[in-house]
Amino acid sequence: MNNYEIIGYPRLIRLNPNIPWKTRGNGALCLRVGKKGGTVKRKIGEINGNDVFCSPAFTQELDENEWHHVYGIVKDIVKTQAHTEDDNTNPGFVMLPTPPDNNMYKKAVIRIVPLDEVLTTLHTLHAMFEGYKNQRGLIGATAAVAWEPGDGTFEVIAYRSKERWGTKRSVDPASVKKIDATFPSTFDNYDYRNHHNRITPNSPCPILFGIRGDNVEELMAAVNVVQSEPVDSWLVFESNQGTDDHLQRRQVTQIKPFESVITEGCIDENPRTIQGGHVLFTLKDSTGTIPCAAYEPTKEFRTIIRALRIGDTVEVYGGVREQPLTVNLEKINIKHLTTVLIKAENPVCPMCGKHMKSRGTEQGYKCMICKTTSDEPIIKEQPRTITPGFSEVPVCARRHLSKPLKRIITPTTVIAAIGTEGTRR
Ligand code: ZN
């Protein structure tokens, strides 16, 4: 690649997380490549002990020969590196002289884009491309090129030496907690409650760890703080992870399977815990009702969900499962807690001042001495155990695209809290 240089940061783009046939992370990489020539360089990684740089902007575009040369390089890499034996792996790569319209990315992150539509775009834009097996990889590849960094984040990815691929990774959790505490712009590093080191993947892939954050300098410094087996190479990526780009505001009846939504409504049926520890409630707005679920892997998030009651107003954030149509909660914003009234004691007789006796279910109360009757017990307000505000699933259950509250928080953001008994609104 001596004649070429990378323009800007390499990009790691996550697409619709609800697509049933996706690979695990539904991700794609995008590199912009230009002719070498720029004098301004920015370090973005190390490979084989050598510094890797990018140029902030194009100095010169590739000519036709170089274009075909780069195409050959990419094709060789896919041929030698892609695990096409896996049923869910359908790689594809595209080379485009100009990026597709940003709408192609927006569609691919929120819904299902037909392959035909992508192929039409590729032909229109004079792309060179190669799709393998069912060719669906072309969809993600094209969408990744169409991404325009808006509310973007970064991830520094450290790779393992080849002889270690498939073996157990050695990454010291204490050092992961240290980067979490030292570098405030990083996120989703460690789940303290569930003792889960999130920077290390579980799959047998070549990645040793990936640290996400908003500040490149902090990420590059963090790589050296992680105590681990030797880092073979590392590279910084610009990304749409942690942006909530997959979410769209919807009314209940507009909610479609395989999309991800933000919907506001009232709790219509109290939460209930079903077999497996999943918690479900029904949400209602002016157009209809839909079940919402906090599944078992969302751990302590379920405590907040279980404390919701009929009449509470909430805004739910989550992916939509098809069968049955359900919003799989990623976040919730509790906007208003209703007043829950409960029976405190039997009514007091106005004649003698003693408590009346119940006459049986739904049959009211009666004073046994004076024979006075009443239909209404003395009621009191039941203390709520949660407060209004945002709550999110724990780090161990977080999706790549979900924006952590850490990135949403402003001085006016309210975070929901679980109180002890007796917490008042
Ligand atoms: Zn009485």
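**View 1. Strand E9, a mostly covered strand of the predicted model.** In this predicted model, strand E9 spans residues 153–159, and six of its seven residues are buried. The strand is thus shown here with its two listed partners, strand E14 and strand E13, each of which is taken up in a view of its own.

**View 2. The pairing of strand E9 with strand E14.** Strand E14, made up of residues 233–239, runs antiparallel to E9, and seven bridges connect the two strands. Tyr-159 of the chain can serve as a point of orientation in this view, since Ser-233 in E14 stands opposite Tyr-159.

**View 3. The pairing of strand E9 with strand E13.** Strand E13 covers residues 207–213 and is joined to E9 by six bridges, again in the antiparallel sense. Tyr-159 reappears here, with Ile-207 in E13 as its bridge partner. In general, strands of a sheet pair through backbone hydrogen bonds, in either a parallel or an antiparallel arrangement.

**View 4. The open sheet of strands E22, E23 and E24.** Three strands form an open sheet in the order E22-E23-E24, and their pairing is antiparallel. Strand E22 (357–358) and strand E24 (373–374) are the edge strands, each of them pairing on one side only.

**View 5. The contact between strands E23 and E24.** Strand E23, which consists of residues 365–366, is linked to E24 by two bridges, and the two strands run antiparallel. Across this pairing, Lys-366 stands opposite Thr-373 in E24.

**View 6. The whole chain, as the setting for the close-up views.** The chain contains eight helices and 26 strands, and its C-alpha atoms fill a box of roughly 105 × 45 × 40 Å along the principal axes. Its radius of gyration is 27 Å, whereas a compact globule of 425 residues would have a value near 22 Å. Of the 425 residues in the chain, 47% are buried, and among the contacts between residues at least 6 apart in sequence, 69% join residues at least 24 apart.

**View 7. The surface of the chain and its charges.** The chain exposes about 21,600 Å², of which carbon and sulfur atoms supply 51%. The chain carries 54 positive and 49 negative charges, and the mean positions of these two sets lie 7 Å apart.

Notes
Residues are numbered from 1 along each chain as its sequence is written. This is a predicted model: local features need pLDDT of at least 70, side-chain atom pairs count only at pLDDT 80 or more; totals for chains, interfaces and linings use all residues. Side-chain values use heavy atoms; hydrogens and water are left out. Helices (H or I, at least four residues) and strands (E, at least two) are DSSP runs, numbered from the N terminus. The radius of gyration is taken over C-alpha atoms; the globule rule is 2.2 Å times the number of residues to the power 0.38. Buried means under 20% relative accessible area, exposed over 50%, partly exposed in between (1.4 Å probe, protein chains only). Contact means heavy atoms within 4.5 Å. Accessible areas come from the Shrake-Rupley method with a 1.4 Å probe; for residues, only the protein chains shown count as cover. Lys and Arg count as positive and Asp and Glu as negative; His and the chain ends are not counted. The place of a charge is taken as NZ of Lys, CZ of Arg, CG of Asp or CD of Glu. Two strands pair if DSSP finds at least two bridges between them.
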